[in-house]
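Colleague: I have a model here that I would like to go through with you, piece by piece. Please keep the answers plain.

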Amino acid sequence: MPHLTHRLVPAPAGRIHLVEQGTGPLVLLLHGFPESWYSWRHQLPVLAAAGYRAVAVDVRGYGRSSKPEAVAAYRLTELVADNVAVVEALGERSAVVVGHDWGATIAAHSALLRPDVFHAVALLSVPYTPPGGPRPSEVFAGIGGEEEFYVSYFQEPGRAEREIEPDVRGWLAGFYAALSADTMPKPGAHGLPADPHFVAPGGRMRDRFPAGRLPAWLSEDDLDVYAGEFERTGLTGALNRYRAMDLDWKELAAHAGAPVRQPSLFLGGTLDASTTWLSDAVDAFPTTLPGLHAAHLLDGCGHWIQQERPEEVGRHLTGWLGSVASGR
């Protein structure tokens with residue numbers, strides 16, 4: 001990919017790897033699980049061409065960024081501190097922060113906790129839910145009945161690693177396909193796997209992944225990039241974000257119910273469980289995101305929104321960034 005600059009910059013845990021393109025106001029791009037900076041490969045040139053300094057990071061625990069061992073190192077406050085360090089290392093004072101999946105949660109809390117640095121926020125796939133409410137692990141344990149919700153599965157140290165790491169490429173291919181619009185299991189269709197967000201007793205997540213073809217957005221070369229990173233690093237750093245959720249719940253209790261007031265944007269897919277299961281959070285945006293400019297649901301789109309629909313996402317982001325910059 002031409003015109004991309006790779007850097008390692010200092011951060012509280014050691015280093016953050018980032019990839020940047022373009023000049024202008026800083027736009028910080030945060031990926032989710034299980035991805036890397038590469039998930040923003042389509043948006044980097046679009047934002048650069050629109051006059052922005054687009055910077056996609058490897059979140060702590062991923063890629064070439066540092067991977068502390070302790071679960072506590074993956075609390076949201078720690079990841080927010082990384083983002084502030086990136087802005088400072090790039091010689092900037094403020095940035096727009098954009099996140100997908102876990103990156104959306106990190107982006108929202110960056111805006112919540114450091115409004116002096118992050119003056120606007122865009123969230124993809126996962127809507128903002130303010131801190132507070134019941135303990136997360138107890139909530140997830142109560143989902144699914146006899147089956148186990150995938151978050152609980154991920155939260156047990158070492159368990160998901162034992163499933164994924166013997167065949168990283170195959171597992172990633174199945175996971176990406178399970179949540180993509182063109183390859184996900186269709187609800188109620190005869191002979192297709194049950195919901196891949198749940199694990200049957202004694203089973204594995206991959207037992208319910210579709211097999212046989214990649215989603216249209218994912219080439220063999222793209223899959224090689226993702227698999228190569230996780231084959232090198234393992235999955236523990238990425239999975240530790242799930243394992244830190246109860247620590248966040250304690251640490252952020254003072255911010256219970258707090259809205260994010262900066263100008264904001266939400267993009268979700270109508271076929272993405274991360275969006276549809278949290279429809280109440282979307283309905284609450286007038287309270288939780290009072291600075292919301294727009295919420296767009298892309299019809300027929302799955303979870304990997306900026307890769308499944310790169311042109312639409314690029315158009316929405318650049319349009320919103322223009323209105324934020326102009327003060328409308």
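Modeller: Let me begin with a definition, since strands come up early: two strands are said to pair if DSSP finds at least two bridges between them. Please also keep in mind that this is a predicted model.

Colleague: Fine, so which residue stands opposite Gly99 in E5?

Modeller: That is Leu30, which stands opposite Gly99 of E5. Strand E3, residues 26-30, is joined to E5 by 4 bridges, and the two strands run parallel.

Colleague: And how many bridges are there between E5 and E6?

Modeller: There are 6 bridges between E5 and strand E6, residues 118-124, and this pairing is again in the parallel sense. As one example, Val98 has Ala122 in E6 as its bridge partner. Between E5 and E6 the chain passes through H3, and this β-α-β crossover is right-handed.

Colleague: Is E5, residues 95-100, covered on one side or on both faces?

Modeller: Both faces of E5 are covered, with Ala95, Val97 and Gly99 buried on one side and Val96, Val98 and His100 buried on the other. That agrees with the count for the strand, in which 6 of 6 residues are buried. As background, side chains in a regular strand alternate between the two faces of the sheet.

Colleague: What about the loops, where does Asp101 lie?

Modeller: Asp101 lies in the loop between E5 and H3, and its phi is near 60°, which is a positive value in a residue other than glycine. Asp101 counts as buried because its relative accessibility is 10%, and the cut-off for buried is under 20%.

Colleague: Where is Ser125, and is it buried or exposed?

Modeller: Ser125 sits in the loop between E6 and H4, and with 0% relative accessibility it counts as buried. Its phi is near 80°, again a positive value in a residue other than glycine.

Colleague: Which residues does a cis peptide bond join?

Modeller: A cis peptide bond joins Phe33 and Pro34, with omega at about -10°. Pro34 itself belongs to the loop between E3 and H1.

Colleague: Moving on to the largest pocket, what is its volume?

Modeller: The largest pocket has a volume of about 1,200 Å³. Its lining is made up of 43 residues, and those that lie nearest the centre are Val126, Thr129, Phe140, Met245 and Leu278.

Colleague: How many of the lining residues are nonpolar, polar and charged?

Modeller: By class, the lining of the largest pocket has 30 nonpolar residues, 8 polar ones and 5 charged ones.

Colleague: Which helix gives the largest share of that lining?

Modeller: The largest share comes from H3, with 5 residues. Several helices supply at least two lining residues each, among them H3 (102-113), H4 (136-141), H9 (236-243) and H10 (245-251).

Colleague: Since H9 came up, how many of its residues are buried?

Modeller: H9 is mostly covered, with 7 of its 8 residues buried. Those buried residues are Gly237, Ala238, Leu239, Asn240, Arg241, Tyr242 and Arg243, and what covers them includes helix H2 (76-89), H3, H5, helix H6 (159-164), helix H8 (220-233) and H10.

Colleague: And why is H7 called largely enclosed?

Modeller: Helix H7, residues 168-178, has 9 of its 11 residues buried, so it is largely enclosed by the rest of the structure. Trp171, Phe175 and Tyr176 are among the buried residues of H7, and the buried residues of that helix pack against H5, H6 and H8.

Colleague: Back to single residues, then: what does Asp82 touch?

Modeller: Asp82, which has its place in helix H2, touches Ala11, Pro12, Ala13, Ile16 and Arg60, not counting residues up to four places away in sequence. Asp82 counts as buried because its relative accessibility is 3%.

Colleague: Last one, is Gln43 buried or exposed?

Modeller: Gln43 counts as buried, at 1% relative accessibility. Gln43 is found in helix H1, residues 43-49, and, leaving aside residues up to four places away in sequence, it touches Gln306, Pro310, Val313 and Leu317.

Terms used: Residues are numbered from 1 along each chain as its sequence is written. This is a predicted model: local features need pLDDT of at least 70, side-chain atom pairs count only at pLDDT 80 or more; totals for chains, interfaces and linings use all residues. Side-chain values use heavy atoms; hydrogens and water are left out. On a 1 Å grid over the protein atoms alone, a cavity is a set of points where a 1.4 Å probe fits but cannot get out, and a pocket is an open set with protein on both sides within 12 Å along at least five of seven lines; lining residues have an atom within 4 Å of a point. Grid points are joined across faces, edges and corners, and a volume is the space filled by probe spheres set on the points. Ala, Val, Leu, Ile, Met, Phe, Trp, Tyr, Cys and Pro count as nonpolar, Asp, Glu, Lys and Arg as charged, and the others, Gly among them, as polar. Buried means under 20% relative accessible area, exposed over 50%, partly exposed in between (1.4 Å probe, protein chains only). Contact means heavy atoms within 4.5 Å. A crossover is right-handed if, with the strands pointing away from the viewer, the path from the first strand over the helix to the second runs clockwise.
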